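I opened my notebook to look up how some rings and helices are arranged. My entries follow in the order in which I looked.

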Amino acid sequence: MANGKTVLVTGGAGYVGSHTVVELLEQNYNVISIDNLVNAYADSPTEKPESLKRIEKLTGKSITSYNIDIRCKDNLDKVFKTHKIDYVIHFAALKSVGESCAKPLQYYQNNISGSCVLFEVMSENNVKKLVFSSSATVYGTPQKLPLDENHPTGQGCTNPYGKTKFFVEEIMKDLCSSDSEWSAISLRYFNPVGAHESGLIGEDPSGIPNNLMPFIAQVAVGRRAKLSVYGSDYDTIDGTGVRDYIHVNDLAIGHVRALDKFCDNNFKGFKPYNLGTGKGLSVLQMVEAFKKASGKDIPYEIVDRRPGDIASCYADASLALKELNWSATKDVNAMCKDTWNWQSKNPNGYQTKTAN
Ligand SMILES: NC(=O)c1ccc[n+]([C@@H]2O[C@H](COP(=O)([O-])OP(=O)(O)OC[C@H]3O[C@@H](n4cnc5c(N)ncnc54)[C@H](O)[C@@H]3O)[C@@H](O)[C@H]2O)c1
């Protein structure tokens, strides 16, 4: 759809944000990115983030980018006053479960206060259409599988990170009830993995990765000696945890489909959608798939379960198919192949000079 509408993307230089920016540019949206670089790389604090530079090369299109913090109301307001913004996609957040337990205030401050400032500035500038990056963590411990959008949320959220996603969803609901001009879609991601097939952009976690796929990829490329597998006595196919992995490009397309929904004049208020494949894969199944895609050995050791981890989690994504015309198309082989392409071309992430 050729549209020329303008989307403000918070956290646009990050992993899911950058892949969504590619998709938006390909669908002829104008993109403005805001990112404070807390988890994104730039050569200097005043330069465009490296991920966005690479996207400009990849797409031949330009991105307006501000290295600012969403919590700074004045700076944010200036962006809204400078550009005519149609929609906001809100990715900016801190996202480490473990870190959130150690530094809860930092997470509440960044993720909840930051969202409140953003929503306030949006309201004041009459921009009232929002897509939010939520997470399957809002469901807490599954009462039944697969998880559908009617599953209770907020019960048994075991860590501050998950609670921030739940609270922000509640704030969005209240905002939509208070003002009928607001429409807000919350996309509850399952486990995003993979990278753009060009190998130019991908996931670049700082420090020890929290998530399985970047950990496996760093072992394959020789950055880490072995993978720790947390628990092998769960009630699953092989005893290791089962999750619903989704290719980040499928996820990116889901955001564009969510924006399409705003063209439907009957669409009002708050609505959540699951974005997952609907299929669960165990840790050891992922290790096998990655070995096949990379041709590398992945040494691993079984260690204790992590507190708060659950045996299995996977989505019922049928609502997104019905109402957003979206479903995941890429399988585990594509997820592993594209991750390996990115990791092997960029063994040290965006700081790898040879990737250009
Ligand atoms: N990757 C996952 O496994 C996953 C799963 C479910 C939900 N999510 C959510 O999706 C969103 C994107 O995740 P991601 O994996 O791309 O993370 P990411 O860390 O790669 O991207 C987030 C970006 O937001 C920026 N940011 C953080 N706080 C900011 C602030 N106050 N002001 C401006 N910029 C700020 C960071 O610098 C980073 O570039 C997050 O909200 C995350 O919670 C991610």
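Entry on a charge and a ring. I began with the rule that a charge sits over a ring if NZ of Lys or CZ of Arg is within 6 Å of the ring centre and within 35 degrees of the ring normal. I kept in mind that I am reading a predicted model. With that rule in hand I looked up Arg 305, and I found its charged end over the ring of Tyr 234, 4.0 Å from the centre of that ring.

Entry on aromatic pairs. I reminded myself that two aromatic rings are described by the distance of their centres and the angle of their planes. I then noted that the structure holds 7 aromatic pairs. One of them joins Phe 262 and Phe 267, with 6.0 Å centre to centre and 55 degrees between the planes, and this pair is listed as tilted. I asked myself whether Phe 262 is buried or exposed. Phe 262 counts as buried because its relative accessibility is 7%, under the 20% cut-off. Phe 267 has 9% relative accessibility and therefore counts as buried. Trp 342 and Tyr 350 form a tilted pair, 5.0 Å centre to centre and with 55 degrees between the planes. Here I wrote down that Trp 342 is buried, at 3% relative accessibility, and that Tyr 350 is buried, with a relative accessible area of 6%. Returning to the two Phe residues, I saw that Phe 262 and Phe 267 form one aromatic cluster together with Tyr 87.

Entry on two helices. I looked up helix α1, residues 15–26, and helix α8, residues 248–261, and found that their axes come within 8 Å and cross at roughly 60 degrees. That angle makes α1 oblique to α8, because roughly perpendicular would need 65 to 115 degrees. The crossing of α1 and α8 is right-handed. For the residues that meet, I listed some on each side, including Tyr 15, Val 16 and His 19 in α1 and Val 248, Leu 251 and Ala 252 in α8.

Entry on a covered helix. How many residues of helix α7, residues 212–220, are buried? I found that 9 of its 9 residues are buried, and I noted α7 as mostly covered. Among them are Leu 212, Phe 215, Gln 218 and Ala 220. I then looked for what covers the buried residues of α7, and this includes the strands β7, β8 and β10 as well as the helices α9 and α11. Last, I noted that α7 is followed by Gly 222, whose phi is positive, near 90 degrees.

Notes: Residues numbered from 1 in each chain as written. Predicted model: local features only at pLDDT ≥ 70, side-chain atom pairs only at ≥ 80, totals over all residues. Heavy atoms only, no water. Phe/Tyr/Trp six-rings, centres within 6.5 Å; stacked < 30°, edge-to-face > 60°. Buried < 20%, exposed > 50% of the residue type's maximum accessible area, 1.4 Å probe, protein only. Axes fitted to C-alpha atoms, helices over the stretch in contact; angles between N-to-C directions. Helix = DSSP H or I, 4+ residues; strand = E, 2+ residues; numbered from the N terminus. Parallel < 35°, antiparallel > 145°, perpendicular 65-115°, else oblique. Left-handed = near helix turned anticlockwise from the far one by under 90°. Contact = heavy atoms within 4.5 Å.
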